[in-house]
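Trainee: Could you take me through one part of this model up close, and set it in the context of the whole chain? I would like to follow a single residue and then see how the rest fits around that view.

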Amino acid sequence: LALLLALPFLAPAYVVHVANFVFISSLPVIGLGFLSGFTGRVSLAQGALFGVGAYVTALLTTKLGWSPLAAFIPSVLGSAFVGTLLGGPAVRLIGLYFVMATVGIQQIVWIVLLNAVDLTGGPQGVRSIPAIGIGKHVLDTPEAFYFLTLAMATASYILAKRIIASRLGMRLRALSDDELAASAVAVEVTRAKLIALFMSSAWAGAGGFLYAHYVRFIHPDMFTL
C-alpha cells in the first residue's frame, strides 16, 4: 500500500493513467466475485451493469446539474436495481442457461443505451461529464484522480472480505458447493442468489461512476460483452 501511495510521485503519467483503469476495473471484478466466485453463477452481464452506473451519473450531472458526489449513490443503486430487475428471474436457472440469460441482459442494456437517443445520446454518447470535485480540489488529472480510485478499490476489497467472512458469505459459499445441501440446512437459496446479484450489480455501478468521471465521455460501445 505504501508503494501504491508513492506511485504518482515516482512513475510516469502513463503508468498512473493505466493504474487508474486497473483500480476502476477492480470494482466490477470484486462485485462479480460475489456472484460468479462465491455462488458459482457465471455472469456475462457485468459490462452492461458497469455501463448503467456510468450512464446514471453522466445523465444526472450533465442534464440535471447534479454534483458528481451527489450522483454516486444513485449510480450504485441504479445499477443494482437494473441488475436485480433483469437478472432476478434468471437466478433460478442453472449452468449454461443462467449464462445465456446474462448474455441476454447484456444485449438488452446495450440496445437501450444505443437506441434511447433522447435520453442517452445514442451512438453519440454523453460528452462533457464534469470532473469530481472534493472541496476546492478538482480531480481532473490522472495524478489527482489516482488517490480516489486507490481509496475506492481498497475500501471495496476490505468490505468484500468482511462480507465473505460473515454469515451471509458462508451462505454464498455454501451455494457454490451444493445448493441442495445448503437448502437442507436452512439457506434460502433464491434469496441468497438475489443478494449476491444485487451486490455484484452495485459494485459494477460504483466502478461505472468512477469510469464516467475519469474519461468524461461515454458511449454504448464502451460497455459491450
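Mentor: Happy to. Let's begin from the outside: the accessible surface of the protein comes to about 11200 Å², and 70% of that area belongs to carbon and sulfur atoms. As for charge, there are 13 positive and 8 negative side chains, with the centres of the two sets 7 Å apart. Keep in mind that this is a predicted model. Its mean pLDDT is 91, and 100% of the residues reach 70 or more. Among the elements, helix α3 (residues 46-63) has the highest mean pLDDT, 96, while helix α9 (residues 179-184) has the lowest, 76.

Now the overall fold. The protein has 10 helices and 2 strands, and from the N terminus the order is α-α-α-α-α-α-β-β-α-α-α-α. The radius of gyration is 18 Å, close to the 17 Å that the globule rule gives for 225 residues, so the protein is as compact as a globular protein of that length. Along the principal axes, the C-alpha atoms fill a box of roughly 55 × 45 × 25 Å. Of the contacts between residues at least 6 apart in sequence, 78% join residues at least 24 apart.

With that in place, here is the close look. Of the 225 residues, 44% count as buried, and Ser-201 is a good one to follow. You will find Ser-201 in helix α10 (residues 189-215). Its relative accessibility is 0%, so Ser-201 counts as buried, the cut-off being under 20%. What does Ser-201 touch, leaving aside residues up to four places away in sequence? The partners are Leu-49, Ser-79, Ala-80, Gly-83 and Thr-84.

From there, follow the chain onward to Arg-216, which is found in the segment after α10. Arg-216 is not a glycine, and yet its phi is positive, at about 65 degrees. Its relative accessibility is 35%, so Arg-216 counts as partly exposed.

One other backbone angle is worth a look on your screen. Ser-128 sits in the loop between α6 (117-120) and β1 (132-134). Here too phi is positive in a residue other than glycine, with a value near 55 degrees. Is Ser-128 buried or exposed? At 66% relative accessibility, Ser-128 counts as exposed. That gives you two serines to set side by side: Ser-201 is buried at 0%, whereas Ser-128 is exposed at 66%.

Notes:
Residues are numbered from 1 along each chain as its sequence is written. This is a predicted model: local features need pLDDT of at least 70, side-chain atom pairs count only at pLDDT 80 or more; totals for chains, interfaces and linings use all residues. Side-chain values use heavy atoms; hydrogens and water are left out. Helices (H or I, at least four residues) and strands (E, at least two) are DSSP runs, numbered from the N terminus. The radius of gyration is taken over C-alpha atoms; the globule rule is 2.2 Å times the number of residues to the power 0.38. Buried means under 20% relative accessible area, exposed over 50%, partly exposed in between (1.4 Å probe, protein chains only). Contact means heavy atoms within 4.5 Å. Accessible areas come from the Shrake-Rupley method with a 1.4 Å probe; for residues, only the protein chains shown count as cover. Lys and Arg count as positive and Asp and Glu as negative; His and the chain ends are not counted. The place of a charge is taken as NZ of Lys, CZ of Arg, CG of Asp or CD of Glu. pLDDT is the predictor's confidence in each residue, from 0 to 100.
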